[in-house]
Amino acid sequence: MDPTRAVAAMAVASLLLIIIGSRRTPRSCRNFPLERSCPSSEQTCVSREKLQSFSSRNSNHHISPPSPYLLSRLLEYEQHHKRCDPLSKPFDPQDCRYIVFTPGNDELATTMLSLSSSFLYALLTDRVLLVDFDPSMIGLFCEPFRKSTWLLPGEFTFRDRARSAEFRQVFSLGHLMRKQNQKQDQKLQADTASLLFLYLSMDYDDHDKLFYRDETQELLKNVPWLVLRSEQYFLPYFFLLPCFRTELDKLFPDDKETVFHHLGRYLFNPSNQAWGAIARFYDDYLVKAEQRVGLEIKVGNPYETPPYLMLPHILKCIQEESKILPRLQQNNTTTRITILPSFRRKTSKVILGSVSVRVYRTSSHEGMQKSDRNYHNMKALVDVYLLSMCDVLVISPFSTFGYVASGLAGLNPWFLKNPGDYETKPLEPACRRAVSPEPCFLFHPGEYVPNAVHHCRGRLGPVPVILYCEDFVFGFKLGNLKC
């Protein structure tokens, strides 16, 4: 098969695992590959213990452990959450303040990013996090807080109302700020409100963005119920707020590029059903691999970005620039990649001279995520965790799915070139390595970045942990780059 056609097949299946030196192993305990024993109780969250075991045995790179202070704060939070759980008996919310997260859209990756940001906000403000999931998200994750639930009881539901224009107009922080400006009254009467809606989605306006101010955070302390809607990874901005910086430096004292890794591993343990699918694939195809390479290729519109433009750049990235796959020379002739048989089958074999490589399609391979269906969200969760189990990641730019996989893995991914640059900038590198595994805050409130901003080798100041995103010039992210 021609190599271009071979990688075309790779691009159609948006998620691939390239396994070097692997061979299939027989199943014994189908659901739990890391230890050859099956739990007897379905009530336990299997992935919570198994993922920790996997991280300690299979990581080929160093990830800083969570700080003792972060661990102690998580234990304190679990106790606080149990006391304020609306389903606890007796339930006394007198000393409890809440942040209710409602997703900005139904996509799995964006929900995970914004939910982790909401949880960090709960930690920083001593609030209890409750989630108002769409039915398509129910059953994907274990309960993260032991002996309590993070699900908002049905009678408290805000999801449908939070998506209405009326709810935003009446209850939002932005509406309150706008009304105060119209009255030319500098004193914000947020302390009299029992509920405020924080609209932090990508299309938020200047009044909604006032959330990212120290003085606003001081006013929100007295509001018992906050309902937050977002589809963004907005927690990097907390590192720019003086009111949070001291606590953040204690939570993440040395390594700012593992914030999502630690929060995500704590919050997003796959349910037993999801973990069973993850484990079966891992057991069948990945457990004996010498190296696991994950490719997340976002095809987009094939008419705007035809394969004949895209595929040579993918090959150039994985063979020449990242050197993930070798480009072997035999008698001054380059050995090409060949994929056999047709990629309609789940398994393909790649021959690179004497190097044996196997290519596997992950579970969904449907071209796009059908986020309104629970079954498809389950398969998307399986895919993102399989990618996070790889040793090397190559991901599409501007992809929240790739952000989540890289963050959970703690890997600095390789970003493919923006598809729009294939024709206009053909001589630029086909991919570039990220300096941090942290996701990008894509649509931040730029006008409220402190005035002392300056440039230093790609760093966005004045805080030395804020970096420009490699794949989106207007976003920023967390990292450890030093000037």
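The side chains of Arg73 and Glu247 meet in a salt bridge, with N and O 3.2 Å apart, a salt bridge being a side-chain nitrogen of Lys or Arg within 4 Å of a carboxyl oxygen of Asp or Glu. This pair links distant parts of the chain, for Arg73 lies in helix H3 and Glu247 in helix H9 (residues 242-251), 174 residues apart. The structure is a predicted model, in which local features need pLDDT of at least 70 and side-chain atom pairs count only at pLDDT 80 or more, while totals for chains, interfaces and linings use all residues. Residues are numbered from 1 along each chain as its sequence is written, and side-chain values use heavy atoms, with hydrogens and water left out.

A search of the whole structure finds 10 salt bridges, and three of the pairs are set out below.

| Pair | Closest N to O distance |
|---|---|
| Arg73 and Glu247 | 3.2 Å |
| Asp126 and Arg73 | 3.8 Å |
| Asp205 and Arg178 | 2.7 Å |

Asp126 also forms a salt bridge with Arg73; this pair too links distant parts of the chain, with Asp126 in the loop between helix H4 (108-125) and strand S3 (128-131), Arg73 in helix H3 (residues 68-84), and their positions 53 residues apart. Arg73 is buried, with a relative accessible area of 10%, whereas Asp126 is partly exposed at 46%; here buried means under 20% relative accessible area, exposed over 50%, and partly exposed in between, using a 1.4 Å probe and protein chains only. Arg73, Glu76, Asp126 and Glu247 are linked in a network of salt bridges.

Asp205 and Arg178 form another salt bridge; Asp205 lies in the loop between strand S4 (195-199) and helix H8 (214-220) and Arg178 in helix H7 (residues 173-182), so the pair ties together parts that are 27 residues apart in sequence. Asp205 is partly exposed at 25% relative accessibility, and Arg178 is likewise partly exposed, with a relative accessible area of 27%.

For the chain as a whole, there are 15 helices and 18 strands, where helices (H or I, at least four residues) and strands (E, at least two) are DSSP runs numbered from the N terminus. Of its 483 residues, 57% count as buried. Helix H10 (residues 259-267) is largely enclosed by the rest of the structure, because nine of its nine residues are buried, including Phe260, His261, Arg265 and Tyr266. Among contacts (heavy atoms within 4.5 Å) between residues at least 6 apart in sequence, 72% join residues at least 24 apart.
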